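Me: I would like a close look at one part of this protein, taken slowly and with its surroundings explained.

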Amino acid sequence: VPGKFATLGLTYDDVLLLPGASDMAPDQIDTSSYISKNVRVNVPLLSAAMDKVTEARMAIAMARQGGVGVLHRNLSIEDQANQVDLVKRSESGMVTDPITVHPDATLAEADDLCARFRISGVPVTDAAGKLLGIVTNRDMAFETDRSRQVRAVMTPMPLVTGKVGISGVDAMELLRRHKIEKLPLVDDSGVLKGLITVKDFVKAEQYPNAAKDSEGRLLVGAAVGVAGDAYERAQALIESGVDFIVVDTAHGHSRLVGEMVAKIKSNSSVDVVGGNVATRDGAQALIDAGVDGIKVGVGPGSICTTRVVAGIGVPQVTAIYEASLAAKAAGVPVIGDGGLQYSGDIAKALVAGADTVMLGSLLAGCEESPGELMFINGKQFKSYRGMGSLGAMQTRGDRKSFSKDRYFQEGVASDEKLVPEGIEGQVPYRGPLSSVVHQLAGGLRQSMFYVGGRTVPELQERGRFVRITSAGLKESHPHDIQMTVEAPNYNAR
Ligand code: RVP
């Protein structure tokens, strides 16, 4: 039948980028790019919305490195909204809505708050929000009676405070002059309106490349599904200040996804990314539904079995290229999701038409990913699993799964009837995210230099592929040698 067979599908290992004329110094290279129409990052990397990859800690680390994390959705609405909150409060020029404690609270309660938000002290306010004092770890450290009230140990007003709208320079000067770590900001009637901390200034210097919103808070995305209370989830995430929502399914070219995108868009100005798709028609359907970003990838994931269980998918370079044909015409950014194994795959994805890439297995082994470090035969590992694996979809004790609808199986009567599309396993421990991103972004900069593209759009425009054979792939990897020293950016498979 004419038209029955699409063109040949190619993936990362099928292609290499051609070296092109290059005339640039490494410090001229700009890796910034768009996740979606209005969300820009400095490094074109997202951490995957998976329960072994992205919770608040990973999202904070990703944004500090210039990328962004997408919080997974295999948890209650309240817990996920809380995670957004944790990221948005973690670091900024000014905290606009600081955590506070009531003077009648106990020291134990104040301690809990500090631990949960990883902060060293809390302003004390009355029910009307009026600033009464501040209680810090220093005030609490020598108190053995944890049932004492905050009012008894806090440093009471008058404190050194700033007026709302104070400049960063003036705030720093106040902190320095009074040798204090926290500067509460109050309005004319003494109501607490914000907080500036020394830590935030230090962090700003420590992470100059951090991806931030217009108020200086770290960027964060979060995933929602299509079934049940998915829309309520989206609303809760938006209320917590999320920068973009990802309608996250294994089949984005389906009616429910388009409807959910349109529903969220109709009531909010937050950017909405839809996915996943792997064809030009699939991308066009999402564009017609009003998306601000398109996530591409059906079956490339390292833990994914969709291509064997269902026989469905498109090799990732071709999928990105096809989807980008629709996306570029509509001015909608593309996220290449899944299947990346080495830093060189990032530039391949971008040249194929992606604007950013999403990573699962490459980040699951980081210190900041959820889960404990495991020792096996003297080597360190972290667990990693697909969101379509049995483990992620089934009920464990009273722990419910919230993400079966990613695979459109929310209605399945019992766990034995689930049809998994992913597996569970472990990946080598890779240490802190900062060093992993350093290698990934460094690899991308090298690619940009070789191709001769100073910016991501220039890389996309100038990049050309050569198709290779299995002999070429063999030649690409180290060969005819036994590796004796592990490189920080290369593992033998
Ligand atoms: P990888 O980086 O190759 O590990 O792929 C991660 C991607 O795989 C995720 O962002 C998601 O799109 C996809 N995924 C997650 N779970 C599953 C599954 O169980 N099939 N697939």
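Which residue in β13 is the bridge partner of Ala222? Please set that pairing in its wider context as well.

Reply: The model is a predicted one, and in it the bridge partner of Ala222 is Ile245 in β13. This pairing belongs to a set of 4 bridges that join strand β12, residues 221-224, to strand β13, residues 244-248, with the two strands running parallel. Both strands are part of a closed barrel of 8 strands, which follows the order β4-β5-β12-β13-β14-β15-β16-β17 and pairs in parallel fashion; on average, neighbouring strands of this sheet are turned by 25 degrees against each other, with direction ignored. Helix α10, residues 280-289, packs on the sheet, where it touches β14 (271-277) and β15 (293-296), and the direction of α10 makes about 155 degrees with that of β14.

Turning to the chain as a whole, the domain assignment divides it into domain 1, made of 12-90 and 211-476, and domain 2, which covers 107-197, and the centres of the two, taken over C-alpha atoms, are separated by 38 Å. An unreviewed UniProt entry carries the annotation "domain: CBS" for residues 94-150 and 154-214; in the span 154-214, the end C-alpha atoms lie 33 Å apart, and 31% of the span is helix and 25% strand.

As for the ligand, 23 residues surround it, the closest being Gly301, Gly360, Gly386, Gly388 and Gly422, and the residues of this shell divide into 13 polar, 8 nonpolar and 2 charged.

How values were computed:
Residues are numbered from 1 along each chain as its sequence is written. This is a predicted model: local features need pLDDT of at least 70, side-chain atom pairs count only at pLDDT 80 or more; totals for chains, interfaces and linings use all residues. A residue is near a molecule or strand if its C-beta atom, placed from the backbone, lies within 6 Å of it. Ala, Val, Leu, Ile, Met, Phe, Trp, Tyr, Cys and Pro count as nonpolar, Asp, Glu, Lys and Arg as charged, and the others, Gly among them, as polar. UniProt positions are given in the numbering used here, feature names are shortened, and annotations may be inferred rather than shown by experiment. Domain bounds come from an automatic or database domain assignment. Two strands pair if DSSP finds at least two bridges between them. Axes are lines fitted to C-alpha atoms, for helices over the stretch in contact, and angles run from 0 to 180 degrees between N-to-C directions. Two residues are in contact if their C-beta atoms, placed from the backbone, lie within 7 Å.
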